[in-house]
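Reader: Could you walk me through this structure and show me how each label is earned?
Author: Gladly, let us look at it together.

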Amino acid sequence: MHRLVYRYISASLVFCLILSLCLLLCGCAETMTIEAGQRITPYDLTGDSAATFGADFDPDCINHAGTHSFSVISQGKTIKCKLTVKDTVAPAMQLKKIYWAVGTSMPDPKYFVQSTTEVDSYTGQYVGDLPDFTSYADYNVKVQYTDASGNKSPVYDAVIAPCKDTEPPIIVARNIECNVGEGIVWRNQVELSDNCAGEITLSVDSSGVDFNREGSYTVYYTATDASGNSAKAQATVLVVTMNVTDEMLYAEIDKVIARIITPDMNKEEQCRAIYDYVQGNIAYVNTSTKGDWKYAAYMALFSSGTGDCYSYFAASKAFFERLGIENLDIQRLPGYTENTHFWSLVNVGSKESPVWYHYDCTRLTDAYDVSGCLLTDAQVKAYDAWRAGDYFRIYDTTKYPATSARIITPIPELDPYLK
C-alpha cells in the first residue's frame with residue numbers, strides 16, 4: 001500500500017515537473033501583481049537575467065492601475081505576460097500659492113500642485129464653500145485630490161490670490177532643425193508660462209513651412225491666457241536632407257529584429273510582430289517624403305517617429321527585406337480619390353509554394369480601425385465596401401498574384417460584406 005502511494009506521489013511530481021517545463025517551452029503566460037509605480041524587469045517575470053521585454057511592452061504601464069499584457073523574450077522563446085497593477089496608496093501633494101484672474105472661471109485645483117508622489121492620473125476638487133472674493137488679497141481654500149483608483153488625498157489648505165490679469169503669457173520658442181519629410185509636434189517646441197493660473201491656448205501658423213523641400217522657414221506662435229491676453233513669437237525651421245545609407249538603416253533594423261523576432265517564429269508570426277512594432281512606434285501625420293522607401297523608413301522609425309501611409313509601408317518593407325520575406329509594393333489606383341495610399345503583399349509561404357496576403361499597418365481613423373495584417377483579397381474588398389466605397393485599397397489586380405482564400409485574421413466587422 002505504501003509503495004502504491006509513493007509511486008502515485010512520485011508520478012504526480014514528475015507530471016507537474018513536465019507540465020511546468022511544457023508551459024515554459026510553449027511560452028505560456030506569466031503573471032505578476034505590483035503596486036503602481038513599482039519598477040519591474042524581465043528577470044522579475046522569468047528568472048532569466050538575459051531576458052528582454054518585447055516591443056509590445058509599454059514602460060509607462062507600471063504607473064496605471066489595471067491588467068496589462070505584453071511579451072518577454074527569454075532563451076529564444078516569446079513568453080506572454082500579464083501584469084496587474086494595483087494602486088492602493090493615496091496621492092500626496094506639495095502645494096504652491098497661485099494667482100487667479102478675477103472674472104475668469106475658478107482654476108482647476110491641479111494648478112496648486114507643485115509636486116506629487118502620484119504616478120497615475122488624478123483629479124482635484126474644492127472642499128467646502130469658496131470664499132467671497134471681495135478684495136485683492138490672499139484667501140485660503142481647501143482642496144482634495146483623487147487618483148484613478150479612487151484613493152483620496154488628505155484635505156489640503158491652499159492659498160489663492162485674486163488679481164487683475166493684464167499681463168500676456170510668455171512664449172519661449174526654439175529654432176528647429178528637421179529632416180525632409182519629418183513632422184513636428186509644435187507644442188513640444190515652446191515653453192509657455194503666465195503670471196496667473198489657468199489654461200494657455202497655443203495656436204500655430206506653419207503654413208509657410210514646406211517639409212518636403214530643403215530650406216529655412218518661419219513658424220509663428222500665438223499664446224492666449226484665460227483672461228484673453230495674447231503674446232506672439234516666431235522661430236526658424238530649418239529643413240534639411242539626411243543621406244540614409246543601407247548600412248545606417250539596417251544597423252538600426254537589426255537591433256529591433258533582435259528584440260522582436262525569435263528563431264522559432266514562422267513568416268506569419270514575423271509579419272505580425274513587425275506589424276505591432278511599426279504601428280506602435282510611428283505616430284500618424286499627414287506628410288512624408290515619397291520615392292525613397294529606405295529614407296522614409298529611417299525617418300519614421302529612427303528620427304521623427306511620425307509619418308503617413310508611405311512611412312508605415314516603407315518601415316515594414318525594411319523589415320521584410322532584412323528578414324527575406326518576399327513582398328510586393330501596392331499603390332492605390334489614381335483618379336478615384338484625391339490622395340494616394342500605399343501597402344504591401346507579403347508571401348508567408350515559400351518561393352515554390354507562395355501564400356500571399358495583404359499587409360497594411362497604417363494607423364486608421366477610429367471609425368474603421370481594424371487590423372490590416374494579413375488580409376485576403378475578399379477582406380480587402382469587404383473593407384472598401386464597409387467604408388462606403390471610398391476606394392481605400394483599390395488597385396490594379398491584374399498586376400498582382402491572388403491571395404490565399406483562407407482567412408487567418410478574422411475581422412467580424414467585415415463579415416457582412418464578404419462575398
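Author: Let me begin just past helix α7, where Ala-388 takes a positive phi of about 60 degrees. Please keep in mind that this is a predicted model.

Reader: What makes α7 largely enclosed by the rest of the structure?
Author: A residue is called buried when its relative accessible area is under 20%. In α7, which runs over residues 377–386, seven of the 10 residues are buried, so the helix is largely enclosed. The buried residues are Asp-377, Gln-379, Val-380, Ala-382, Tyr-383, Asp-384 and Trp-386.

Reader: And what covers the buried residues of α7?
Author: The cover includes two strands, β21 (356–359) and β22.

Reader: Staying with β22, why is Leu-374 called buried?
Author: Leu-374 is found in that strand, which spans residues 373–375. Its relative accessible area is 0%, and the cut-off for buried is under 20%, so Leu-374 is buried. Leu-374 also has a positive phi, about 65 degrees, although it is not a glycine.

Reader: Let us turn to helix α6. How do you know that its length agrees with the expected span?
Author: Helix α6 has 15 residues, 309–323. The expected span is 1.5 Å times one less than the number of residues, which gives 21 Å for α6. The C-alpha atoms at its ends are 21 Å apart, so the two values agree.

Reader: What makes α6 mostly covered?
Author: Of its 15 residues, 12 are buried. They are Cys-309, Tyr-310, Ser-311, Tyr-312, Phe-313, Ala-314, Ala-315, Ser-316, Lys-317, Ala-318, Phe-319 and Phe-320.

Reader: Take Ser-311 from that helix. Why does it count as buried?
Author: Ser-311 has 3% relative accessibility. The cut-off is under 20%, so Ser-311 counts as buried. Leaving aside neighbours within four places in sequence, Ser-311 is in contact with Ile-282, Ser-288, Ala-300 and Thr-306.

Reader: What is found at the start of α6, and what follows the helix?
Author: At the start, a side-chain oxygen of Asp-308 comes to within 3.1 Å of the backbone nitrogen of Tyr-310. After the helix comes Gly-324, with a positive phi near 75 degrees.

Reader: How do α4 and α6 cross?
Author: Two packed helices are described by the angle between their axes and the distance between the axes. For α4 (residues 267–281) and α6, the axes come within 10 Å and cross at roughly 145 degrees. The crossing is right-handed. On the α4 side, the contact is made by Gln-270, Cys-271, Ile-274, Tyr-277, Val-278 and Gln-279. From α6 come Tyr-312, Ala-315, Ser-316, Phe-319, Phe-320 and Leu-323. Sorted by kind, the contact residues are nine nonpolar, three polar and no charged.

Reader: Now to the strands. How do you know that Ile-160 is buried?
Author: Ile-160 sits in strand β10, residues 156–163. With a relative accessible area of 0% against a limit of under 20%, Ile-160 is therefore buried. Not counting neighbours within four places in sequence, the contacts of Ile-160 include Ile-98, Trp-100, Met-106, Phe-133 and Tyr-139. Ala-137 is another of these contacts; its C-alpha atom is 8.5 Å from that of Ile-160, with their positions 23 residues apart along the chain.

Reader: Ile-98 came up there. Why does Ile-98 count as buried?
Author: Its relative accessibility is 5%, and buried means under 20%, so Ile-98 qualifies. Ile-98 is found in strand β6. Leaving aside neighbours within four places in sequence, Ile-98 is in contact with Pro-107, Tyr-111, Phe-112, Val-159, Ile-160, Ala-161 and Ala-197.

Reader: In the loop between β6 and β7, what makes Ser-105 exposed?
Author: Exposed means over 50% relative accessible area. Ser-105 has 63%, so it is exposed. Its C-alpha atom is 8.6 Å from that of Ala-226, though the two are 121 residues apart in sequence.

Reader: And why is the pairing of Thr-104 with Trp-100 called a polar contact?
Author: A polar contact needs a pair of N or O atoms within 3.5 Å. The side chains of Thr-104 and Trp-100 are joined at 3.4 Å, so the pairing meets that limit. The side chain of Thr-104 also reaches the backbone oxygen of Ala-101, at 2.6 Å. Not counting residues up to four places away in sequence, Thr-104 touches Ala-226 and Ser-227.

Note on methods: Residues are numbered from 1 along each chain as its sequence is written. This is a predicted model: local features need pLDDT of at least 70, side-chain atom pairs count only at pLDDT 80 or more; totals for chains, interfaces and linings use all residues. Side-chain values use heavy atoms; hydrogens and water are left out. Helices (H or I, at least four residues) and strands (E, at least two) are DSSP runs, numbered from the N terminus. Buried means under 20% relative accessible area, exposed over 50%, partly exposed in between (1.4 Å probe, protein chains only). A polar contact is a pair of N or O atoms within 3.5 Å; within protein, one must be able to donate a hydrogen and the other to accept it, and residues adjacent in sequence count only if both atoms are side-chain atoms. Axes are lines fitted to C-alpha atoms, for helices over the stretch in contact, and angles run from 0 to 180 degrees between N-to-C directions. A crossing is left-handed if the near helix is turned anticlockwise from the far one by less than a right angle, and right-handed if clockwise. Contact means heavy atoms within 4.5 Å. Ala, Val, Leu, Ile, Met, Phe, Trp, Tyr, Cys and Pro count as nonpolar, Asp, Glu, Lys and Arg as charged, and the others, Gly among them, as polar.
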